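Trainee: Could we go through this structure together, one question at a time? I'd like to look at it with you first.

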Amino acid sequence: MDASSATTDNLDPLQVAETWKSGGRDVAIATVMETWGSAPRPTGSQLVIDSAGNFHGSVSGGCVEGAVITEAVDVIETGEPRMLEFGVADETAWRVGLSCGGRIKVFVERLG
Amino acid sequence: MDLVLLKELNAERAARRAAILITDTADGAGQLVREGDEMSGALGEAIGRAFRSGKSGLAEIEGRELFLNVHVPPPRLVVIGAVHISQALAPMAKIAGFDMMVIDPRTAFATEERFAEVALHAEWPEDVLKNQPLDAYTALAALTHDPKIDDYPLAAALRAGCFYVGALGSRRTHAKRVDRLKEGGLSDAELDLIHAPIGLDIAAASPAEIAVATLAQIIEALRKRELAGGLSMRAA
């Protein structure tokens, strides 16, 4: 495989997750599972997070990453996966929202 | 998902093979499906659709909410011949999302000046393809008309199961090409897969129009392609 391939790119979230976990770090993976309206990142986009809050990748244009990272650190501790939902209209459940007007569902799981 | 599964998925992706990671959203349990795996029922149908479209999404299957994350290698376009059509094709292919490479051993054609924005190899196809082999997510368009240059990569593309194989040239030129490739051991069924004359029939006249017709035909082949089961049957 040549080194320029996208999958061997050191910015690829799933490659980063493998490297981190293999190196002994606790890791969570967040995945965009559903989008409505003008969501910034497509379904399947991923963010990897370690227990110290380091992260790679994206699930939005930077709008909700902070909240996802906070949740991910909890998920790493408990091991229980969570489905998070973010949207402009959804003011009660989450303080952060998407400025673009879209809504997204993000699944956060611990890498076992 | 656990680390073993993630390693398997990353190995498939690094090898440019399509795979789907299925996650049960109730508990995070994961399953890896490779293209060509036998899957029946509603899940099998959902998997088939996901491989064809390349789109990830949630599916309700037998009371479970499953997420199908499709990992399809990015499509590549290998063009044999640094010719006028290839020059027109380069910006179009880039806009359409293809990673394009041009191979032509004739150094008068293969110049940086003519091809500033694509990966250009002024070498023989056999030498380039040795290091960067063709695969099922690669389209190959042979545009030189020259058997010395075109024949090897055409045969290699058919053997590698490229999702598209096209060759420029009149029906007469192509008939002679088919005879040569048949002597090289390719079957009629394999040779029928070559799109020739190249491009959708839109009565394209200029090099740029032939480039449009060719790119449209490549996109059609990509989106309507058979699953790997069919491809591997041909390779057998």
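Trainee: At what relative accessibility does B:Asp104 count as buried?

Mentor: Bear in mind that this is a predicted model: local features need pLDDT of at least 70 and side-chain atom pairs count only at pLDDT 80 or more, while totals for chains, interfaces and linings use all residues. Residues are numbered from 1 along each chain as its sequence is written, chains are lettered from A and ligands numbered from 1 in the order in which they are written, and side-chain values use heavy atoms, with hydrogens and water left out. Buried means under 20% relative accessible area, exposed means over 50%, and partly exposed lies in between (1.4 Å probe, protein chains only). B:Asp104 falls under that limit because its relative accessibility is 0%.

Trainee: Which residue meets the side chain of B:Asp104 in a salt bridge?

Mentor: A salt bridge here is a side-chain nitrogen of Lys or Arg within 4 Å of a carboxyl oxygen of Asp or Glu. The partner is partly exposed, at a relative accessible area of 25%. At 2.8 Å from N to O, the side chain that meets B:Asp104 belongs to B:Arg106.

Trainee: Nice. How many residues apart are B:Arg76 and B:Asp135?

Mentor: Their side chains form a salt bridge with 3.3 Å from N to O. B:Arg76 sits in strand 5 of chain B and B:Asp135 in the loop between helix 4 (125-131) and strand 8 (138-142); helices (H or I, at least four residues) and strands (E, at least two) are DSSP runs numbered from the N terminus. Both ends count as buried, since B:Arg76 has a relative accessible area of 11% and B:Asp135 is at 13%. The pair links distant parts of the chain, with a separation in residues of 59.

Trainee: And in the pair B:Asp24 and B:Arg64, what is the relative accessible area of B:Asp24?

Mentor: These two form a salt bridge, with the closest N and O atoms 3.5 Å apart. They link strand 1 (residues 19-24) and strand 4 of chain B, 40 residues apart. B:Arg64 is partly exposed because its relative accessibility is 40%, whereas B:Asp24 is buried because its relative accessible area is 10%.

Trainee: Which backbone nitrogen does the side chain of B:Gln217 reach?

Mentor: B:Gln217 lies in helix 8 (residues 207-224) of chain B and is buried, since its relative accessible area is 8%. Leaving aside neighbours within four places in sequence, B:Gln217 is in contact (heavy atoms within 4.5 Å) with residues including B:Tyr164, B:His195 and B:Leu200. At 2.6 Å, its side chain reaches the backbone nitrogen of B:Gly199.

Trainee: Turning to the two chains together, how much area do chain A and chain B bury between them?

Mentor: The size of an interface is often given as the accessible area lost when the parts come together. Here that loss uses a 1.4 Å probe and is summed over both parts. The contact takes 26 residues from chain A and 24 from chain B. With 62% of it on carbon and sulfur atoms, the buried area is about 1900 Å².

Trainee: Which element of chain A gives the most to the side that touches chain B?

Mentor: The count between the chains is 1 salt bridge, in which A:Asp12 and B:Arg13 bring their closest N and O atoms to 2.7 Å. Helix 1 (13-22), strand 1 (27-36) and strand 5 (103-110) of chain A each supply at least two residues of the side that touches chain B. With 6 residues, the element that gives the most is helix 1.

Trainee: How many of the 10 residues of helix 1 of chain A are buried?

Mentor: Their cover includes strand 1, strand 2 (46-50) and strand 3 (55-57) of chain A, together with helix 1 (3-14) and strand 4 of chain B. Among the buried residues are A:Leu14, A:Val16 and A:Trp20. The helix is mostly covered, and of its 10 residues the number buried is 8.

Terms used
A polar contact is a pair of N or O atoms within 3.5 Å; within protein, one must be able to donate a hydrogen and the other to accept it, and residues adjacent in sequence count only if both atoms are side-chain atoms.
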